[in-house]
Amino acid sequence: MLSERDLELRKLANEEIERYKDKVEADPYRLNYHHMAPVGLLNDPNGFIQWKGTYHLFYQWMPFDTDHGAKFWGHYSSEDFVHWKHEDIALTPSDWFDENGVYSGSAIAHDDYLYLFYTGNVKDENGERESYQCVAVSEDGVNFEKKGVSVFLPEGYTSHFRDPKVWKEGDTWYMVVGAQSEDLQGKAVLFKSEDFSEWEHLGVITGSGEGKLGEFGYMWECPDLFELDGKHILVVSPQGLEAEGMQFANTYQSGYFAGSLDFEKVRLKHGDFRELDRGFEFYAPQTTLDYKGRRILIGWMGVPDQYEQAQPTIENHWVHCLTIPRELTWNGEQLIQTPLDELKEMRGPVILHSSITIENDQKAVRGIEGKSIELNLEFDEIENQFAIEMFQYASLSYKDGILTLSRPHFEENQKTEFRRVELAGKLKSLRLFIDHSSLEVFVNEGEEVLTSRIFPHSEDEHILFTSLGTSTFSIEQWKLKGFQ
């Protein structure tokens, strides 16, 4: 039974959708095959799970503003990752334990029910934050009943304690939470439960100042812990890292540690942190394990506090989207990200050009253009430098082992900004997903990925290819149908 406050918030949110529906949908920057909110601000993907054959994907949502605030959980569902239904609102900030925001969390199946674990954000009369790890349950995957607080804040941490990810190992349930210790260091904290009800605080598995890691951020958000090909992978979004050369160029980062988790000693022995994405907008990714045994990741195509309000969609009362779904594999050294095979169902007829050679020139390639497309390039030779210019706006270039993505700065249009990555070997392939105002670039079969928003200022759909010296490559293009 929904409370009066819950019903009121749902009514107000739906009225907001209707108020701005025409303006939002008329925006040329709306995407074709990415998840967006119907109005307002979208951020972290939440509760990503396959349950009773259906994929459920929830997201952080502020319907009343294009800035952050008291978040709701929006909800998409799909049978196939291509056809998506936008479901009714899943959760609202309607109770004493979440009245200032239903913050991020995860989903788990248990006893034929779908459970959502999330952080309830509360601010007292003095503006001081309180946080609670909460749970809601559903029989049908659409309507959820809140069960209240599952975990209260343990000693030793500030109230920046959030984003529970829950999973099962054998007969034991585990929960990893992103945290800030009382000495203001980011941590990943582990809990366990034998009965899915009472949760025991085990302690910190790793974090800033732990072991050999050294100082590594003042807060760790959105942890996700799973096993992949014999490795324990901790995906996390640390805040407070300083840029180091080409690394950590965004305001906040998302990446992973690979190693081995000792559940008895409550310690993750791991290697170095590696960024998951080298583009401008990528944060708070979440994964799920589906019935096929695939570990699938979706991220937020945004970064907190990184000129969000300068994006041009703000004037049309919406901002941000999620990434396409990616399958994760482990190649023995690192995570590899590959677009899901199901996305090929969106393809129209192929345009194929083999053995194109460009020498000290810039050229268009017949038929290669469009704002909702997939491009696949395979390189035979790059003698000196190769570049792709998209819509007189963004550029992707390669020279001397370095791949560079450039675009106009959102706040200073006369200024160009860059994201760079040094490849482990030469550039062999590029796979681009372009969707009106988004760009996702998979390099060398997913060894590196660059995800970014792009906002071309014209209707120009042309894509140009430049070579200094001789470059020879083949290219395939498909126009992509959307699921909206």
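# A walk from strand β13 outward

Let's start at Asp-224, which sits in strand β13, the stretch covering residues 219-228. One thing to keep in mind from the outset: this is a predicted model. Asp-224 has a relative accessible area of 1%, so it counts as buried. What does its side chain reach? The side chain of Asp-224 gets to the backbone nitrogen of Thr-287, at 2.7 Å. Thr-287 also turns up among the contacts of Asp-224 once you set aside neighbours within four places in sequence, and the others are Lys-165, Val-176, Ile-233, Leu-234, Val-235 and Gln-286.

Stay in strand β13 for a moment, because Cys-222 lies there too and its relative accessible area of 7% makes it buried. The backbone is what catches the eye here: phi of Cys-222 is near 50°, a positive value in a residue other than glycine. As background, most residues other than glycine have a negative phi. Glu-445 also has a positive phi without being a glycine, with a value near 60°. Its setting is a loop, the one between β30 (438-443) and β31 (448-453). Is Glu-445 buried or exposed? Its relative accessibility is 57%, and since anything over 50% counts as exposed, Glu-445 is exposed.

Cys-222 leads us straight to some empty space. Rolling a probe the size of a water molecule over the atoms shows where empty space is left. In this model, the count comes to four cavities of 30 Å³ or more. The largest cavity has a volume of about 90 Å³, and Cys-222 is one of the residues nearest its centre, along with Gly-105, Asp-163, Pro-223 and Gln-286. In total, 14 residues line this cavity. Which elements each supply at least two residues of that lining? They are β1, β5, β9, β13 and β18 (283-289). As for chemistry, the lining of the largest cavity splits into six nonpolar, four polar and four charged residues.

The second largest cavity holds about 60 Å³ of space. Its lining is made up of Tyr-256, Arg-274, Glu-275, Leu-276, Gln-334, Leu-335, Gln-337, Gly-446, Glu-447, Glu-448 and Val-449. Two or more of these lining residues come from each of β17 (274-275), β22 (335-339) and β31. By type, there are four nonpolar, three polar and four charged residues around the second largest cavity.

Now for the open space. The largest pocket contains about 470 Å³. It is lined by 23 residues, and the closest to its centre are His-68, Tyr-103, Arg-129, Arg-162 and Glu-221. The elements giving two or more residues to this lining are β1 (40-51), β5 (102-110), β6 (113-123) and β9 (157-169). Strand β9 gives the most, with three residues. What kinds of residue line the largest pocket? Nine are charged, eight are polar and six are nonpolar.

From empty space, let's turn to packing. In soluble globular proteins, nonpolar side chains tend to be buried together. The largest nonpolar core in this model has 82 residues, and those touching the most other members are Leu-377, Met-390, Leu-430 and Phe-465. Strand β32 (residues 462-480) provides the largest share of this core, namely six residues. Apart from this core lies another one, of 19 residues, including Ile-205, Leu-234, Val-236 and Val-266. You've already met Leu-234, as one of the contacts of Asp-224. Back in the largest core, Met-390 is worth a look for its own contacts: leaving out residues up to four places away in sequence, Met-390 touches Ser-395, Leu-396, Leu-432, Ile-434, Leu-439, His-462 and Ile-463.

Our last stop is Lys-192, in strand β11 (residues 186-193). Lys-192 has a relative accessible area of 26%, so it is partly exposed. How far apart in space are Lys-192 and Tyr-174? Although 18 residues separate them in sequence, they are 4.4 Å apart, C-alpha to C-alpha. Tyr-174 is also on the contact list of Lys-192, together with Thr-172, Trp-173, Glu-198, Trp-199, Glu-200 and Leu-202, again not counting residues up to four places away in sequence.

Conventions
Residues numbered from 1 in each chain as written. Predicted model: local features only at pLDDT ≥ 70, side-chain atom pairs only at ≥ 80, totals over all residues. Heavy atoms only, no water. Helix = DSSP H or I, 4+ residues; strand = E, 2+ residues; numbered from the N terminus. Buried < 20%, exposed > 50% of the residue type's maximum accessible area, 1.4 Å probe, protein only. Polar contact = N/O pair within 3.5 Å; in protein donor to acceptor, adjacent residues only side chain to side chain. Contact = heavy atoms within 4.5 Å. Core = buried A, V, L, I, M, F, W, Y, C linked by side-chain atoms within 4.5 Å. 1 Å grid on protein atoms, 1.4 Å probe; cavity = no way out; pocket = protein on both sides within 12 Å on 5 of 7 lines; lining within 4 Å. Points joined across faces, edges and corners; volume = space filled by probe spheres on them. Nonpolar A, V, L, I, M, F, W, Y, C, P; charged D, E, K, R; others polar.
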